[in-house]
Amino acid sequence: MADFARFLRGALALPRDRPAVLGGAPGMRPRLLVVSPRRLLNLEEVAAAADALGFDVASAEAGADDVAEFAARVNAADVLVGVRGAGLTNQVFLPTEAVLVQIVPWGKKIEWVTTSSYGRAAAGMGLRYLEYYVGEEETRLRDKYPRETVMEQDVVVNLTRFRPVLLQALDKLQQ
């Protein structure tokens with residue numbers, strides 16, 4: 001995976017092979033990119049919380065028409081955040097040692113799916129990986145489907161529970 005990621009970054013002439021060094025330049029703020037933001041229903045609140053912690057926050061819809069342009073946006077990020085789904089495959093464009101945060105949908109016994117889908121790939125590419133598990137109160141599906149149902153979900157993350165994950169992402173950038 002690491003060789004494949006390097007190959008893609010080279011083929012697309014992506015400039016960054018490492019995330020920014022915290023404290024390396026005065027006023028430097030690590031860039032946090034939220035992919036497929038339509039699935040994160042409280043994006044504005046999450047962005048404000050991340051900004052308050054020192055992140056430079058941006059969002060972009062995965063599946064952009066211009067792959068090279070979207071890859072460059074991802075490569076400019078130090079932290080990539082997204083609700084589980086195809087948008088997280090863009091982790092391949094992140095610089096080595098960047099952080100991937102997967103927001104895992106509400107469901108029963110889906111840890112193996114989420115870890116094998118994105119966690120193992122992230123580790124293989126030399127990325128730092130974090131998961132945030134959506135609670136029952138954070139999904140709109142709890143009233144429609146049993147917990148055993150695994151599917152795409154729009155979520156409203158609990159900022160009190162999500163803030164420590166953002167702090168962990170900052171810590172991982174300093175390692």
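Visitor: Is Glu97 buried, partly exposed or exposed?
Guide: Happy to start there, keeping in mind that this is a predicted model. Buried residues fall under 20% relative accessible area and exposed ones over 50%, with partly exposed in between. Glu97 has a relative accessible area of 31%, so the class is partly exposed.

Visitor: Which residue forms a salt bridge with Glu97, with the closest N and O atoms 3.6 Å apart?
Guide: Let's look along the chain from the loop between E3 and E4, where Glu97 sits. The partner is 31 residues away, in strand E5 (residues 128–133). At 14% relative accessibility, that partner counts as buried. The residue at 3.6 Å is Arg128.

Visitor: Which residues are linked with Glu97 in a network of salt bridges?
Guide: One link is the salt bridge between Glu97 and Arg128. Another joins the side chains of Glu97 and Arg18, at 4.0 Å from N to O. Together with Glu97, the network holds Arg18 and Arg128.

Visitor: How many residues apart in sequence are the parts that Arg18 and Glu97 tie together?
Guide: Arg18 counts as partly exposed, at 42% relative accessibility. Arg18 lies in the loop between H1 and E1, while Glu97 belongs to the loop between E3 and strand E4 (99–104), so the pair ties together parts whose separation in sequence is 79 residues.

Visitor: Which residue meets Asp78 in a salt bridge?
Guide: Asp78 counts as buried, at 2% relative accessibility. Its partner is 62 residues away, in the loop between helix H1 (2–11) and strand E1 (31–35). That partner is buried as well, with a relative accessible area of 19%. The side chain that meets Asp78, at 2.5 Å from N to O, is that of Arg16.

Visitor: How many salt bridges does the count come to?
Guide: The pairs we have met include Asp78 with Arg16, and Glu97 with Arg128. A pair counts when a side-chain nitrogen of Lys or Arg is within 4 Å of a carboxyl oxygen of Asp or Glu. By this rule, the count comes to 6.

Visitor: Within what arc do the buried residues of H1 fall?
Guide: The buried residues in H1 are Ala5, Leu8 and Arg9. An α-helix has 3.6 residues a turn, so residues three or four places apart point the same way. Seen down the axis of H1, the buried residues line one face of the helix, because they fall within an arc of 100°.

Visitor: Which helix is included in what covers the buried residues of H1?
Guide: Turned away from the buried side is a face with the exposed residues Asp3, Phe7, Gly10 and Ala11. As for the buried residues of H1, their cover includes H3.

Technical notes: Residues numbered from 1 in each chain as written. Predicted model: local features only at pLDDT ≥ 70, side-chain atom pairs only at ≥ 80, totals over all residues. Heavy atoms only, no water. Helix = DSSP H or I, 4+ residues; strand = E, 2+ residues; numbered from the N terminus. Buried < 20%, exposed > 50% of the residue type's maximum accessible area, 1.4 Å probe, protein only. Arc of directions from axis to C-beta. Contact = heavy atoms within 4.5 Å.
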